[in-house]
Amino acid sequence: MLNSMMVVAAIVAAAGASPTLRLEARPGLSAVEQRLLAAHNVERRRVGAAPLTWDPALAASAASYGPALASLGRLAHSPRASRPGQRENLWMGPRGVHSPEQMVGRWIDERALLRPGVYPLVSSTGRWEDVSHYTQLVWPSTTRVGCAVHSGAATDYLICRYSPPGNRDGFPIPTAWLR
């Protein structure tokens, strides 16, 4: 079994990150948590945003919502009143098929739909929802993240919570996000 330092090194290499980018193992985080954090920070580094730090309270908050998603059997954001000062990214897919990097990668793929402009008018589809997972992931004033993977009978759910919240109206999208 790979130790967590080797896992993080493999993530950086697989993401095509610069060899000078050195991610360190985070004591107290599971291998999945380290991989989720690293997947976020590789993309943030690419666009010039400061790295996120792992927040156990956000992770616990995210984990508490997993059973509700599994019960619904579809994605639906938790009420904002239940998560003050947080934003939320959700993903779902077949159980046991996707790696943490692939899950986060689906949000990063939204970058292809991003266009210059002022948030929320920044999606080439005209729907801000089509890029909002990506923009939250790289939002420059967001400093902390906590995520949880919840496995239902046939489906995995990834819930990530971010603070301070991003996706704020009136913010011009940096050109680095568009490359």
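Contact here means heavy atoms within 4.5 Å. This is a predicted model, where local features need pLDDT of at least 70, side-chain atom pairs count only at pLDDT 80 or more, and totals for chains, interfaces and linings use all residues. Residues are numbered from 1 along each chain as its sequence is written, and side-chain values use heavy atoms, with hydrogens and water left out.

Q: Which residues does V145 touch, not counting those up to four places away in sequence?
A: V145 belongs to the largest nonpolar core, and is one of the residues there that touch the most other members. Leaving out residues up to four places away in sequence, V145 touches L37, H40, L52, T53, W54, D55, L58, C160, R161 and Y162.

Q: Which helices and strands each supply at least two residues of the largest nonpolar core?
A: A nonpolar core is a set of buried Ala, Val, Leu, Ile, Met, Phe, Trp, Tyr and Cys residues joined through side-chain atoms within 4.5 Å; buried means under 20% relative accessible area, exposed over 50%, partly exposed in between (1.4 Å probe, protein chains only). The largest core has 30 residues, and W54, V104, W107, V145, L158 and W177 touch the most other members. Helices (H or I, at least four residues) and strands (E, at least two) are DSSP runs, numbered from the N terminus. On that scheme, at least two core residues each come from α2 (31-47), α4 (100-108), α5 (132-138), β3 (144-151) and β4 (155-163).

Q: How many residues make up the second, separate core?
A: In soluble globular proteins, nonpolar side chains tend to be buried together. Here there's a second core, separate from the first, with L69, A148, Y157 and I159 among its members. Its residue count is eight.

Q: What is the order of the strands in the sheet?
A: Two strands pair if DSSP finds at least two bridges between them. β2 and β4 run antiparallel and are joined by eight bridges, while β3 and β4 pair in the antiparallel sense, also over eight bridges. β1 (53-54) and β2 each have a single partner strand, so they stand at the edges, with one side of each left without a neighbour in the sheet. The sheet is open, has mixed pairing, and its order is β1-β3-β4-β2.

Q: Is β2 largely enclosed or left open by the rest of the structure?
A: Being at an edge of the sheet doesn't settle it. Six of the eight residues of β2 are buried, so by the rest of the structure this strand is largely enclosed.

Q: At what angle to β3 does α3 run?
A: Axes are lines fitted to C-alpha atoms, for helices over the stretch in contact, and angles run from 0 to 180 degrees between N-to-C directions. α2 touches β1, β3 and β4, and its direction makes about 130° with that of β3. α3 lies across β1, β2, β3 and β4, and its angle to β3 is about 30°.

Q: Which side chain has a polar contact of 3.3 Å with that of Q86?
A: Q86 sits in the loop between α3 (56-72) and β2 (87-94), and at 13% relative accessible area it is buried. Beyond four places in sequence, Q86 is in contact with L58, S61, R161, Y162 and P165. A polar contact is a pair of N or O atoms within 3.5 Å; within protein, one must be able to donate a hydrogen and the other to accept it, and residues adjacent in sequence count only if both atoms are side-chain atoms. At 3.3 Å, the side chain joined to Q86 this way is that of R161.

Q: What is the angle between the planes of W139 and F171?
A: Rings of Phe, Tyr and Trp (its six-membered ring) pair if their centres lie within 6.5 Å; planes under 30 degrees apart count as stacked, over 60 as edge-to-face and the rest as tilted. W139 is buried at 2% relative accessibility, whereas F171 is partly exposed at 24%. Ring pairs link these two with Y119 and W177 into a cluster. The W139 and F171 rings are tilted, 4.6 Å centre to centre, with an angle between planes of 45°.

Q: Which residue has a positive phi although it is not a glycine?
A: Most residues other than glycine have a negative phi, and most peptide bonds are trans. Two bonds here are cis: Y119 to P120, with omega near 15°, and S163 to P164, with omega near -15°. In the segment after β4, a buried residue at 14% relative accessibility has a phi of about 55°: N167.
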